[in-house]
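Let's walk through a protein chain together, one question at a time. Have a look at it first.

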Amino acid sequence: MTEKERKTWGWGGEAPRPARGELEALVGRVLDEDVGSGDVTTDAIVSPEARAQGVIAQKAPGCVYGLELAELAFLALDPDARLQRLVREGEWREEGGPVLQVWGHARALLTAERTALNFLGHLSGVATMAARAARVVEGTSAKVLDTRKTIPGLRALEKAAVAAGGGYNHRFGLYDAILIKDNHIAVAGGVTQAVELAREAAPELADTLEVEVRTLAEIDEAIAAGAPRLLLDNMGVEELRAATTRVAGRAQTEASGNVTLDTLGERAQTGVDWISMGALTHSARALDLSLTLEVLP
């Protein structure tokens, strides 16, 4: 992504996808890690002239995301491989089914298989988790946000998977939104001081400013200081209800802290605007996918 995109996409929007060149470089690094000096098993068993066709299939309910990464893995080892997508990314499929068809050199398809499936399974798992969360909050005022609790180096892709599944992206990093947490407040000497210092230092990000509050008194102080968003961290359901009543629409509210699919519904009923879930990325279970190959005559 460009430097302009990194600085301006904002809080609660959709993070920009990496450029194709960045994805190719990422896939190349992962293949280098897996293949090393060569795929000794495939090279010993499969003729260099052999060609094959393969189908990646989804074997569990969920949303597929990450097809471009899977395609690039095959193309990196066989630039002449042909590929056909068989599913629309982000679409929920209860029964699963074929996802991607590929034709090419058998050695290349076998060697790229694990890299393709690792990317596709993980990102599809994130999209599936986001889709399940979005279903839970349907009919409420709440929307589900991701966090910065991502696998290093994969943040942009994981956030794109969240958006594909129906979730929303929080800030991308430390540079594109102001989030004042308890330790910032302690160092600054209070909520008001922290908010004033942040607004003065980064006025261009004032609309993104969010401050963590723990009590009703801190809610009043943060709103009086001009904070447009409040982070209601680790509050129970009744505390969240009391907090949203106290805010009364004067600021946007975000519930956060150990939120799971089991606890999400109760929190969504409290009137908060946003609920952030680190579990969308740090605890998403990979979607079950497999590749079946058939040698061509």
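Q: What share of the contacts in the chain with a separation of 6 or more comes from residues 24 or more positions apart?
A: Keep in mind that this is a predicted model. A contact here means heavy atoms within 4.5 Å. Among contacts with a separation of 6 or more, residues 24 or more positions apart account for 70%.

Q: How many helices and strands does the chain have?
A: Let's put some dimensions on the chain before counting. Its C-alpha trace spans about 75 × 40 × 25 Å along the principal axes. Going through the chain, you'll find 12 helices and 12 strands.

Q: What percentage of the residues in the chain is buried?
A: To count as buried, a residue needs a relative accessible area under 20%. The chain has 297 residues to sort this way. The buried ones make up 51%.

Q: How much of the accessible surface of the chain belongs to carbon and sulfur atoms?
A: Start with the whole surface, which comes to about 14,000 Å². The part that belongs to carbon and sulfur atoms is 50%.

Q: How far apart are the mean positions of the positive and negative charges?
A: The chain carries 31 positive and 43 negative charges. Take the mean position of each set, and the two points are apart by 2 Å.

Q: Is Lys143 buried, partly exposed or exposed?
A: First find Lys143 in strand S6, which covers residues 143–145. Its relative accessible area is 35%. Buried means under 20% and exposed means over 50%, with the remaining class in between. So Lys143 is partly exposed.

Q: Which residues is Lys143 in contact with, leaving aside its neighbours within four places in sequence?
A: For scale, Lys143 and Ala133 are 10 residues apart in sequence, and their C-alpha atoms are 9.1 Å apart in space. Now set aside the neighbours of Lys143 within four places in sequence. Its contacts are then Tyr168, Asp273, Trp274 and Ile275.

Q: What is the phi of Asn234 near?
A: Asn234 sits in the loop between strand S9 (229–233) and helix H10 (237–247). At 49% relative accessibility, Asn234 is partly exposed. Its phi is positive even though the residue is other than glycine, with a value near 55°.

Q: Is Ala248 buried or exposed?
A: Look for Ala248 in the loop between H10 and strand S10 (252–256). Ala248 is not a glycine, yet it has a positive phi of about 55°. Its relative accessible area is 60%, and the cut-off to pass is over 50%. Therefore Ala248 is exposed.

Technical notes. Residues numbered from 1 in each chain as written. Predicted model: local features only at pLDDT ≥ 70, side-chain atom pairs only at ≥ 80, totals over all residues. Heavy atoms only, no water. Helix = DSSP H or I, 4+ residues; strand = E, 2+ residues; numbered from the N terminus. Buried < 20%, exposed > 50% of the residue type's maximum accessible area, 1.4 Å probe, protein only. Areas by Shrake-Rupley, 256 points an atom, 1.4 Å probe, with all protein chains shown as cover. Lys, Arg positive; Asp, Glu negative; His and termini not counted. Charge placed at Lys NZ, Arg CZ, Asp CG, Glu CD.
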